[in-house]
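Work through the exercises below with the sequence and the 3D view at hand. Try each task before reading its solution.

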Amino acid sequence: MSWRRPQPAPIVLVSGPEEVCAERAIAGVRAYLRAEDPSLEVSDVRADDYESGTLFAVTSPSLFGEPRLVRVSGVEKCTDTFLTEALAYLENPQEGATVILRHTSASVRGKKLLDAIRAGSGRGIEIACPAIKNDDERVDFARGEFAAADKRINPNALRVLINAFTDVTELAAACQQLIADVPGEITEEVVEKYYGGRVEVTAFAVADFAIAGNLPQALATLRHALSSGVDPVPMVAAFAMKLRGIARVAGANESDQALAARWNMKDWQVRRARNEARGWNNLSLGLAIQAAARADAEVKGASRDPIFALERLVTVIATRAPFGWDPHSRRTTL
């Protein structure tokens with residue numbers, strides 16, 4: 001069952017390490033039950049600090065017969081006593097009670113309980129919350145956040161937002177803030193206004209524009225970033241990372257999977273690098289890598305003007321100009 005559309009069952013196993021998804025799933029089950037009966041009783045139990053008899057006590061019918069929701073955390077670290085009593089509970093779940101078991105990891109602890117639920121014991125269901133690791137998965141997550149709220153976000157705005165946040169919890173909070181604050185469609189300008197000062201978004205946005213050959217936008221974004229106090233060093237690092245990816249895949253006839261295995265990359269990283277490699281040849285790419293190496297040294301102290309070094313790097317990459325081309329004097333200085 002999807003964590004975005006959870007429903008109650010006598011036993012609900014919420015598995016996997018992605019905490020923000022797990023929290024949504026658990027909150028969704030609670031909201032569903034509360035909507036059915038506002039008198040819902042909610043209890044919290046720790047499986048790693050468990051006292052014998054607790055599970056049966058909190059699931060037993062109350063005097064007035066209110067429905068019960070029991071949220072059990074730490075199942076991946078559960079005590080032997082909890083494991084024994086939880087397995088026994090599966091044989092005879094209490095009527096009117098919903099028990100949510102939160103298991104966060106691939107730990108073998110509690111595996112017998114998980115296997116029993118997955119086999120159908122106790123009329124249980126599983127809501128999987130696997131880790132969200134790469135850009136494609138974060139794009140899917142963010143797109144789902146806006147779709148669930150019936151909110152439109154344009155593709156460029158989504159790209160800027162993904163570049164701004166690598167942490168999924170922070171990304172989720174940013175999505176909810178935009179959903180709450182912004183009427184109508186969410187545009188790139190809106191996302192830049194909210195999160196354009198973050199190093200992650202500015203560094204990679206500048207690199208994206210330059211590698212795509214959009215010099216005016218690259219320089220404008222660079223100057224905005226510098227005026228916001230972004231350090232030049234991570235800016236150059238973003239360029240270097242992008243260029244390394246392009247160099248690894250440029251001209252290769254192997255599949256995405258084969259290149260990913262060879263260079264210890266993800267499939268999505270190979271696909272992106274291949275898209276970015278269009279329009280580059282060996283000469284222009286080699287010159288760009290030399291320009292990045294020079295800029296890296298200059299922003300780390302080899303030059304008195306790191307801002308000029310960055311502007312030159314952006315111009316060399318965006319225009320595929322020869323290494324050492326001076327954008328101010330318009331002459332080449334090898």
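## Exercise 1: A charge over a ring

Task: In this predicted model, find which residue lies over the face of W280, and at what distance from the ring centre.

Solution: Start from the ring of W280 and look at its face. R320 lies over it, at 3.8 Å from the ring centre.

## Exercise 2: The surroundings of F141

Task: Search the whole structure for aromatic pairs and state how many there are. Then describe the pair formed by W3 and F141.

Solution:
- Step 1. The search gives three aromatic pairs.
- Step 2. Two values describe a pair of aromatic rings: the distance of the centres and the angle of the planes.
- Step 3. For W3 and F141 the centres are 5.9 Å apart and the planes are at 25°. Planes under 30 degrees apart count as stacked, so this pair is stacked.
- Step 4. W3 belongs to the segment before strand 1 and F141 to helix 5, so the pair ties together parts 138 residues apart in sequence.
- Step 5. Buried means under 20% relative accessible area. W3 has 14% relative accessibility and therefore counts as buried; F141, at 4%, also counts as buried.
- Step 6. The ring of F141 also has the charged end of R4 over it, 5.5 Å from the ring centre.

## Exercise 3: The largest nonpolar core

Task: Name the residues that touch the most other members of the largest nonpolar core, and list the contacts of L161.

Solution:
- Step 1. The core has 40 residues, and V14, F141, F146, L161 and L178 touch the most other members.
- Step 2. Elements giving two or more residues to this core include strand 1 (11-15), helix 5 (135-148) and helix 6 (155-164).
- Step 3. Leaving out residues up to four places away in sequence, L161 touches F146, I153, L171, A174, C175, L178, V191 and Y195.
- Step 4. A separate second core of 33 residues includes A210, A225, V299 and L313.

## Exercise 4: Two crossing helices

Task: Decide how helix 11 is oriented relative to helix 13.

Solution:
- Step 1. The axes of helix 11 (residues 232-249) and helix 13 (residues 267-277) come within 8 Å and cross at roughly 90°.
- Step 2. Angles of 65 to 115 degrees count as roughly perpendicular, so helix 11 is roughly perpendicular to helix 13.
- Step 3. K242, G245, I246 and V249 of helix 11 meet residues of helix 13, among them V270, R272 and A273.

Technical notes. Residues are numbered from 1 along each chain as its sequence is written. This is a predicted model: local features need pLDDT of at least 70, side-chain atom pairs count only at pLDDT 80 or more; totals for chains, interfaces and linings use all residues. Side-chain values use heavy atoms; hydrogens and water are left out. A nonpolar core is a set of buried Ala, Val, Leu, Ile, Met, Phe, Trp, Tyr and Cys residues joined through side-chain atoms within 4.5 Å. Buried means under 20% relative accessible area, exposed over 50%, partly exposed in between (1.4 Å probe, protein chains only). Helices (H or I, at least four residues) and strands (E, at least two) are DSSP runs, numbered from the N terminus. Contact means heavy atoms within 4.5 Å. Rings of Phe, Tyr and Trp (its six-membered ring) pair if their centres lie within 6.5 Å; planes under 30 degrees apart count as stacked, over 60 as edge-to-face and the rest as tilted. A charge sits over a ring if NZ of Lys or CZ of Arg is within 6 Å of the ring centre and within 35 degrees of the ring normal. Axes are lines fitted to C-alpha atoms, for helices over the stretch in contact, and angles run from 0 to 180 degrees between N-to-C directions. Angles under 35 degrees count as roughly parallel, over 145 as roughly antiparallel, 65 to 115 as roughly perpendicular and the rest as oblique.
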